[in-house]
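Student: Could you take me through one part of this model closely, namely the nonpolar core, and then set that part in the context of the rest of the chain? I would like a careful, connected account.

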Amino acid sequence: MSTPVIQKIQAFRRNHPLWTALIAMAVTALLLVWLLLLFLKIWTHHGDDATVPEIKDMTYARASATLDAAGLGIEISDSIYDTTIPAGTVVESWPKAGSQVKRGRSVYVTVTAFSPKHVTLSMPVTGVSVRQAVSYLNALGITGIRFVNVPSQYPDLVESAHADGRPLGVGSMIPVNASVVLEVGTYVAPAEEDSDSVSAEEAVYDDLAGESSYEIDE
């Protein structure tokens, strides 16, 4: 900057100190605003957006790889138990596919449970009628039930129950896909009553047919 220009600026500062201060304040304010905008752009990754890809019906591993390729992360927010869908399948995601988000953020997914749902027995399944036991187990989602007939003076009474070799009682926790065995009492009648006894027993099991997956072992 030439000497005459500097001299004029100095003369202006001496002759107009108020204007000089106002101009300095304005320049400082503009500089601060510029620095603030630059900081916000860096902080919010402005212009560094990513599009959420479609990951529904993918396995968790494939969905994770797909999101990683798009510059996004993945987090499981919930899981559901559904036997009709393979375990670990993404059934829902948020933000939805096609959404514009900041690169590096996580997409929350709901997947089908990797392991079967477990339930706790809050009612006894022994010492009750086979119909009551089956109805209660079905209500919990347990359908794999097998019957074993055992001698008893109380026909159609569940004498014992177990799953995977463990006895079942109040408080027992088992997976809903467990194979439950119910030992059901069979009344040993005199010879002349055999036919009527068999008919009554068959009627009970016929009524239960279709409600669960049953096998009857003699």
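**The core and its surroundings**

Tutor: In this predicted model, the largest nonpolar core has 22 residues, and those that touch the most other members are Val125, Leu137, Phe147, Leu168, Ile174, Val180 and Leu182. Two or more residues of this core come from each of α4 (130-139), β7 (144-151), β8 (158-163) and β11 (180-186), and the greatest contribution is that of α4, with 5 residues. Leucine 182 gives a detailed view of the packing: once its neighbours within four places in sequence are set aside, leucine 182 is in contact with Ala133, Val134, Leu137, Ile145, Arg146, Phe147, Val148, Val158, Ser160 and Ala161. Another core lies apart from the one just described; this other core has 14 residues, among them Ile55, Ile74, Val101 and Val111.

Helix α4 deserves a look of its own. The buried residues of α4 are Val130, Ala133, Val134, Tyr136 and Leu137, and because they cover an arc of only 165 degrees around the axis, they are on the same side of α4. After α4 comes glycine 141, whose phi is positive, near 100 degrees.

Two loops that adjoin strands of the core can be examined next. In the loop between β7 and β8 is aspartate 156, a residue other than glycine with a positive phi, near 65 degrees. The relative accessibility of aspartate 156 is 22%, so this residue counts as partly exposed, the cut-off for buried being under 20%. In the loop between β11 and α5 (194-208) lies valine 188, which counts as exposed because its relative accessibility is 66%. Valine 188 and proline 151 are separated by 37 residues in sequence, yet their C-alpha atoms are 6.7 Å apart in space.

To set the core in context, we can turn to a sheet elsewhere in the chain. An open sheet is formed by 3 strands in the order β2-β5-β3, with mixed pairing. The strands β2 (73-80) and β3 (90-94) stand at the edges, and because each has a single partner strand, one side of each is left without a neighbour in the sheet. Direction ignored, neighbouring strands of this sheet are turned against each other by 25 degrees on average. Between β2 and β5 (residues 106-112) the pairing is parallel and runs over 7 bridges, and within β5 the bridge partner of glutamate 75 is tyrosine 108. Strand β5 also holds threonine 110, which counts as buried because its relative accessibility is 12%. Not counting residues up to four places away in sequence, threonine 110 touches Ser77, Asp78, Ser79, Ile80, Thr89, Val90, Val91 and Glu92. Helix α3 (residues 60-69) lies across β2, β3 and β5 and runs at about 150 degrees to β2.

Some backbone details belong to the loops around these elements. Most residues other than glycine have a negative phi, and most peptide bonds are trans. Against that background, the peptide bond from tryptophan 94 to proline 95 is cis, with omega near 0 degrees, and proline 95 is found in the loop between β3 and β4 (100-102). Aspartate 57, although it is not a glycine, has a positive phi of about 75 degrees, and the place of aspartate 57 is the loop between β1 (49-51) and α3. With a relative accessible area of 60%, aspartate 57 is exposed.

Finally, some totals describe the whole chain, which has 5 helices and 12 strands. Of the 218 residues in the chain, 28% are buried. Among contacts between residues at least 6 apart in sequence, 70% join residues at least 24 apart, and the contacts of leucine 182 with Val158 and Ala133 can be read alongside that figure. The chain exposes about 13900 Å², of which carbon and sulfur atoms supply 59%.

Technical notes: Residues are numbered from 1 along each chain as its sequence is written. This is a predicted model: local features need pLDDT of at least 70, side-chain atom pairs count only at pLDDT 80 or more; totals for chains, interfaces and linings use all residues. Side-chain values use heavy atoms; hydrogens and water are left out. A nonpolar core is a set of buried Ala, Val, Leu, Ile, Met, Phe, Trp, Tyr and Cys residues joined through side-chain atoms within 4.5 Å. Buried means under 20% relative accessible area, exposed over 50%, partly exposed in between (1.4 Å probe, protein chains only). Helices (H or I, at least four residues) and strands (E, at least two) are DSSP runs, numbered from the N terminus. Contact means heavy atoms within 4.5 Å. Two strands pair if DSSP finds at least two bridges between them. Axes are lines fitted to C-alpha atoms, for helices over the stretch in contact, and angles run from 0 to 180 degrees between N-to-C directions. Accessible areas come from the Shrake-Rupley method with a 1.4 Å probe; for residues, only the protein chains shown count as cover. The arc is that of the directions from the helix axis to the C-beta atoms.
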